[in-house]
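Thanks for coming. I will keep to the empty space in this model and to the ligand site.

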Amino acid sequence: MEHRALSRLAAPAVAALLALTTGCTGDTVQGRPGASGLRDPYFPRAGNGGYQVDHYALDLDYDPADGQLHGTAVITARAEQGLSSFNLDFSGMNVEGVTVQGEGARYNRTGNELTVRPAEDLKKGEVFRTEIDYSGKPKPLEDPDGSKEGWITTEDGAVAVGEPVGSMTWFPGNHHPSDKASYDITFTVPRGYEAVSNGELRSRTEDADGRTVFAWHSPEPMASYLATAAIGPYKVTTGRTPSGTGLYSAVAPGEGTADTGPLARLPEMVEWGSGRFGPYPFATAGAIVVPAGTLGYALETQGRPVFPGAPAEEELVVHELAHQWFGDSVSPKSWKDMWLNEGFATYAEWLWAEDHGGPTAQEYFEAFEAGDTDVDKDADVAWDAFPPASPPGAGDISADPVYYGGAMVLHRIRQEVGDEKFFALVRGWAADHRHGNASTADFTAYAGASTGHDLKKVWDVWLYGKARPK
Ligand code: TRP
Ligand code: ZN
């Protein structure tokens, strides 16, 4: 192709020549470096510019005995500009080799950035394949709020959770929720271990050395923070929801079973959510219960949320399930939009109670206004300490105002527009942005248009305001 022959010339000469022969400016053809971050307001270095990933194929070989991971990541992406180099987010681990389009590529690392320089520049619009071979002992990260995420070892295995940036501890990628992709994740583990991830288990085979190979497939777009891995002596239960969605759950020894306690209602909750929010967004559902003490929180990992030990309350299971619509299918455009995840998931807890003989959402709303812990044990938290749509810092994106203050916003809308328009709005929102991304501004615009109400006061006071009205 023309630009390849030209690429051996000095860059300015190429630009000048192309401008002359094609009328284009140089940089539409000639590559320049992709940005090393997407300037997220809270995690500015998360993600990378200049390309979008279509698919991750991760081949991961893990030995719980020594904690060593050998990985091959094949990333298929589309260049959004001419690229002379591009970045991947990757933390720890040793990179052993990188190829782009099958050709050896140069690379270097600084902090959590892996910069890849392909042998030939990539053209705008080009779909390209990057393969990264790596190994080492993956390590967890500590978040700005002090919580632990990433690859976390357990007594007899490991668990991976990635909100907001922990997935970069176990695979290189474009680790920002605005770049969603489909995944194939294959684990090779010693005999006797289960390896659980997102999506559908395509095959479970034995390799030549007697190790077990689990091939997981996630066809729907997934934000990388929702990718998960759980390796250990899990007890696996499979089944179907009443309407036929496949279920695959894994429970750590000593943490009960998938068909006892609050988890037993998960199949029913999938059906309930489909009625309230619209069709369940993924081909499979289930849960992963990791050993108690591994994690301090549950996470809505796609299709198969992770629980930190057997869940004690239905509300927690409902919360993580509701995230499948709000967060996983409709994902935030930036970490500033976190209230769209947590406000909806918290409001879903209130709705579940309302639909199952508990307090109504209105009663929850009033209880939080009054700090009445008889209705909800959390009603006295400082839910109005800051506006849900503007957490003061990166350490606050999972704080109470994002959860409860976010739920209060949703209930205020319901009070303004009535049940019929409110539930049409909720379903319409989930449908309109299904498997996509949305921001707070997208939501306020959609809510106004969908209900035909002027909701400016709700936004000003409850979403952006400094304090609720007295
Ligand atoms: N998003 C999770 C949920 O609501 C919770 C969570 C993930 C979290 N990471 C966190 C809470 C860090 C506090 C700190 O289900
Ligand atoms: Zn949540």
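Cavities first: on a 1 Å grid over the protein atoms alone, a cavity is a set of points where a 1.4 Å probe fits but cannot get out. Grid points are joined across faces, edges and corners, and a volume is the space filled by probe spheres set on the points. The model is predicted, so local features need pLDDT of at least 70 and side-chain atom pairs pLDDT 80 or more, while totals for chains, interfaces and linings use all residues. Residues are numbered from 1 along each chain as written, chains are lettered from A and ligands numbered from 1 in written order, and side-chain values use heavy atoms, without hydrogens or water.

The whole structure holds 3 cavities of 30 Å³ or more. The second largest has about 60 Å³ of space. Its lining (residues with an atom within 4 Å of a point) includes Asn198, His217, Phe282 and Gln302.

Now the ligand. Around ligand 1 there are 13 residues (a heavy atom within 4 Å), and Asp145, Glu163, Glu320, Glu342 and Tyr403 come nearest. Three polar contacts, pairs of N or O atoms within 3.5 Å, are worth listing:

- Glu163: a polar side-chain atom 2.7 Å from a nitrogen atom of ligand 1.
- Glu342: a side-chain N or O atom 3.0 Å from a nitrogen atom of ligand 1.
- Tyr403: a polar side-chain atom 2.7 Å from an oxygen atom of ligand 1.

Where does ligand 1 lie with respect to domain 1 and domain 2? Domain 1 (11–233) and domain 2 (330–463), with bounds from an automatic or database assignment, both give residues to its shell, so ligand 1 lies between them.

Terms used. A polar contact is a pair of N or O atoms within 3.5 Å; within protein, one must be able to donate a hydrogen and the other to accept it, and residues adjacent in sequence count only if both atoms are side-chain atoms. On a 1 Å grid over the protein atoms alone, a cavity is a set of points where a 1.4 Å probe fits but cannot get out, and a pocket is an open set with protein on both sides within 12 Å along at least five of seven lines; lining residues have an atom within 4 Å of a point.
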